[in-house]
Amino acid sequence: MSAEPSAARDDESMTVLGAGTEFEGLLTFRGRARVDGELTGEINGHGVLVIGAGARARARVVVDELVVAGEIEGDVCARKRVELLATGCIQGDVETPRLSIAEGGRLLGRCTTGAAARTAESPAPPAIPRASRPRSA
């Protein structure tokens, strides 16, 4: 029996989609999550998401941190960082403050990093059409 409070144990929990598993829909999580199977849909989490080697996600991904050893087909927004490992591939646009790509890792899309990268919690302000802009007096 552990003497740790249950809240501390909850922080250490991990959501896992195992190898050979197929999932379609919205995956949400807090803490850590790992995908080793196939996922189609959307991933929205607060914490670290790992896409394991051999895994495939056809999804829009919005998380704090992302580590990719498998494949993602879809746009990615990571609030803190994206790490693309040597076996990893992202086919889609990436927005993140920090990006690391190991030799052999593939990014097929546009990438916005550093201060220019907006996060999912601070969306860009709506654009004002040129014709609607107020004129200077």
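User: Glutamate 71 in this predicted model: buried, partly exposed or exposed?

Analyst: Partly exposed; the relative accessible area of glutamate 71 is 29%. The model is a predicted one.

User: Which side chain does glutamate 71 meet in a salt bridge?

Analyst: That of arginine 56, with an N to O distance of 2.9 Å. Arginine 56 sits in strand β4 and glutamate 71 in strand β5, which covers residues 71-73, so the salt bridge ties together parts that lie 15 residues apart in sequence.

User: And how accessible is arginine 56?

Analyst: Its relative accessibility is 23%. Arginine 56 counts as partly exposed because that value falls between the 20% limit for buried and the 50% limit for exposed.

User: Which residues share a salt-bridge network?

Analyst: Arg56, Glu71 and Glu73 are joined into one network by salt bridges that share partners.

User: How many salt bridges in total?

Analyst: The count is eight. Another of them pairs glutamate 38 with arginine 58, where the closest N and O atoms are 3.9 Å apart.

User: Why does that one count at 3.9 Å?

Analyst: Because the cut-off is 4 Å between the side-chain nitrogen and the carboxyl oxygen, and the glutamate 38 to arginine 58 pair has 3.9 Å.

User: Where in the chain are glutamate 38 and arginine 58?

Analyst: Glutamate 38 is in strand β3, residues 38-51, and arginine 58 is in strand β4, residues 56-68. The two are 20 residues apart, and the pair links distant parts of the chain.

User: What are the accessibilities of glutamate 38 and arginine 58?

Analyst: Glutamate 38 has 34% relative accessibility, and arginine 58 has a relative accessible area of 33%. Glutamate 38 is partly exposed, and arginine 58 is too.

User: What does glutamate 83 pair with?

Analyst: Arginine 81; their side chains meet in a salt bridge at 2.9 Å, N to O. Glutamate 83 is partly exposed, at 25% relative accessible area.

User: Changing topic. What is the secondary structure of the protein chain?

Analyst: One helix and eleven strands. Starting at the N terminus, the order is α-β-β-β-β-β-β-β-β-β-β-β.

User: How much of the protein chain is buried?

Analyst: Of its 137 residues, 33% are buried. The exposed area of the protein chain is about 8,400 Å², with 49% of it supplied by carbon and sulfur atoms.

User: And what share of contacts joins residues at least 24 apart?

Analyst: 5%, taken among contacts between residues at least 6 apart in sequence.

Key
Residues numbered from 1 in each chain as written. Predicted model: local features only at pLDDT ≥ 70, side-chain atom pairs only at ≥ 80, totals over all residues. Heavy atoms only, no water. Helix = DSSP H or I, 4+ residues; strand = E, 2+ residues; numbered from the N terminus. Buried < 20%, exposed > 50% of the residue type's maximum accessible area, 1.4 Å probe, protein only. Contact = heavy atoms within 4.5 Å. Areas by Shrake-Rupley, 256 points an atom, 1.4 Å probe, with all protein chains shown as cover.
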